[in-house]
Amino acid sequence: MNSLKCISQRNLWCQLKRLQSSLSTSNSKIQIPVRIERGPTDILHALASTVPDDLIQNNYVYHDDPFLLPVRRLEYRTYALSYEAGKKAAMWIHEEHSDLFVDHLSEPEIEAFRPSVKTTDEQKVSEEMLLRAILNFRASEALNIYKLLKTNISNETKQSLLELLCFCGDEDGIYTNLYFEQWYIKNKHKIFWQYNKEIDELYQFLIKQDSLTAAAAYSTMICGLAKCSRMDEAWVLFQECLKAKRLLSINAYNFALFLIPNVIGKKNVMKVQHMYDIFEAMDTNGIKPTVTTLNAALKVVIQSPSDVYGEIVKKLLAEYKNLNIEFSLGTYHYLMLSFYGRGENSRDDFLHILHILENVNLTLQDSTDFKFFSHAMSLACQYQDRDAGEKLHRLLLFGNNRKFLSTHIAANTYYSSYIILLLSTCKLDEFFLFYDKFCPKVHVPNNRLFKTIINTLKQHDLKLVAKYISKIWTDVNNYNFKDISLKYELLRLMKIDDLPADSPFKTVFVDAALNLWAEIMKQIEMDLTMTSPLETGMTACIATILLHGGLLKKSIEVLQYTVKESHLFVPTINQEQLNQLFEVCISTECIEAALLVLEYAINSGFLQTVEMGMKLKNLPQFTSNDHNKLINLLGVDALNMLDTSEKS
């Protein structure tokens, strides 16, 4: 009763305080909060922040459904490129039938939806239209407008046009937003130099203008030649500019640094001296270096003799720190290349880099930045440092850092190294939890990864890893691997006689043997080129599993084909495997299979064939027909020796 009284008093006190608070605020002046400017997509970002981070984050092209994800490498490529085929078709219609797109339906107007200018009337074009075409990388349209305008163009616009033509030639659409097509291209935007009169005309005109205009033209030509694999020509022009003490852009100096190993030679000790000459020219002309300059210099230095570049790298880093230039991922990539192989110190330096980058939302500063993640994970795998691998993977998942895995080659290298690292540092049960999380949702394993997993499974007892052997076999088939040797390695682990009598994996192993035999026969019948040769050890393994599984007729078929079509197989059965197969034939009372094994042993020149015949002849189920077959195999004399030895 007292407790209820206390509660009622407390409620009355709270109500009184709320009333006093409301009375005091009603007399105060209303404060309107300061307006916060919002963008059109801010609400979408706010909603996105409420969704938990997804480890997978597959693109919508795969519908983000684990049951609809492709499980073969070819399917990933096919689905992705099919997704973009519609974009390319729309772009082609937009370009070829621009007359259908008269009205601009977007508000504000979207520049990419504007059809290209196709006219021969010089009255309908302007310098503004030329600049718009240049900004949108429409080289053919820009050239057409340039020819119509003739001389009514400013030097700045001519310089911009020269940059466009040196940068991407006269082809349109090189830098279109086709993400997946770029993902599967090994060398992105590889442009080859195309000489045309417009480039020469613009270049010759601009270098005869004032010094600043001429310097921009020289710089553009050096960058264009270097980018389009005209390295020797770019280097000659750069050297001419150095001798003439011409002022060049920072991009020209950076390209010149990248040219040094290819032009001077990777083993030439003069590389570093050329690098210092370029630095001196930059300093003379008051050109401030960038992080790209540092990365290019590091590339030059690390290809010098190892007893020299260590000190030079330290000096470069100290100098650029004094200039307050922030290092990029490409810088750390070259640093890892420089210190790798220096024992325990290299590992400490690697861990220090990961510590510096921890929880950083990285920005793209240089093209070499894309090399960092795959290289770093390869090092973590070589060091077998799981903490380093986990830290690096957290960095990849942080913010928008996934963009640095820019191609399927980089992604495959990264995830293969990460999974191998987990395999070498986890317990088997824990590893397969990671395996299920990554494969095939993020990564489809390659042959190397599967072979590494199989070699690890060999080190464990079959009863403990039977379920994992079954899983890997299923995945190898689902991912459409044609490498028979890979399946053979798995089949060798399937020792069905070591399993408990009621094990459900016995059926799985037998089905695997049948599946592999069917694939071998299909390839032989279709005369397909095989990724690896057929081995008799493989068919012996298949026959052994089938015998243990009770499929005697099928095992006889396998052995019969192996013996009769021996020219199709590489003889790889050793004495131990032969004896094991023969013993299985005896234990399962399959005389016909045992005779085939004996025939193979005789044809291959194995010893102890007489002893095998003796063991076979003593079986209670040995018939007269079997006796005649044994005579044909061993001969009468050998059989008489068997009879004599038995009587004695």
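## Cavities

This predicted model holds two cavities of 30 Å³ or more. The largest encloses about 80 Å³ of space. Its lining is made by Thr536, Thr539, Ala540, Leu559, Thr562, Val563, Ile573, Leu578, Leu581, Leu596, Val597 and Tyr600. Four helices each give two or more residues to this lining: H25 (536–548), H26 (552–564), H27 (575–587) and H28 (591–603). Nine of the lining residues are nonpolar, three are polar and none is charged.

The second largest cavity has a volume of about 50 Å³. Glu111, Arg114, Pro115, Val117, Met129, Arg132, Ala133, Asn136, Arg138 and Glu141 line it. Helix H4 supplies the largest share of this lining, three residues. Here five lining residues are charged, four are nonpolar and one is polar.

## Helix H6

Helix H6 covers residues 155–168, 14 in number. From first C-alpha to last, H6 reaches 20 Å, close to the 20 Å expected at 1.5 Å a residue.

Which residues of H6 are buried? They are Thr157, Lys158, Gln159, Leu161, Leu162, Leu164, Leu165, Cys166 and Cys168. Their cover includes helices H4 (127–135), H5 (139–149), H8 (197–206) and H9 (211–227).

## The loop before H6

Asn152 sits in the loop between H5 and H6. Is Asn152 buried or exposed? Its relative accessible area is 60%, so Asn152 is exposed, the cut-off being over 50%.

The C-alpha atoms of Asn152 and Glu127 are separated by 7.8 Å. Along the chain, these two residues are 25 residues apart.

Key: Residues are numbered from 1 along each chain as its sequence is written. This is a predicted model: local features need pLDDT of at least 70, side-chain atom pairs count only at pLDDT 80 or more; totals for chains, interfaces and linings use all residues. Side-chain values use heavy atoms; hydrogens and water are left out. The expected span of a helix is 1.5 Å times one less than its number of residues. Buried means under 20% relative accessible area, exposed over 50%, partly exposed in between (1.4 Å probe, protein chains only). Contact means heavy atoms within 4.5 Å. On a 1 Å grid over the protein atoms alone, a cavity is a set of points where a 1.4 Å probe fits but cannot get out, and a pocket is an open set with protein on both sides within 12 Å along at least five of seven lines; lining residues have an atom within 4 Å of a point. Grid points are joined across faces, edges and corners, and a volume is the space filled by probe spheres set on the points. Ala, Val, Leu, Ile, Met, Phe, Trp, Tyr, Cys and Pro count as nonpolar, Asp, Glu, Lys and Arg as charged, and the others, Gly among them, as polar.
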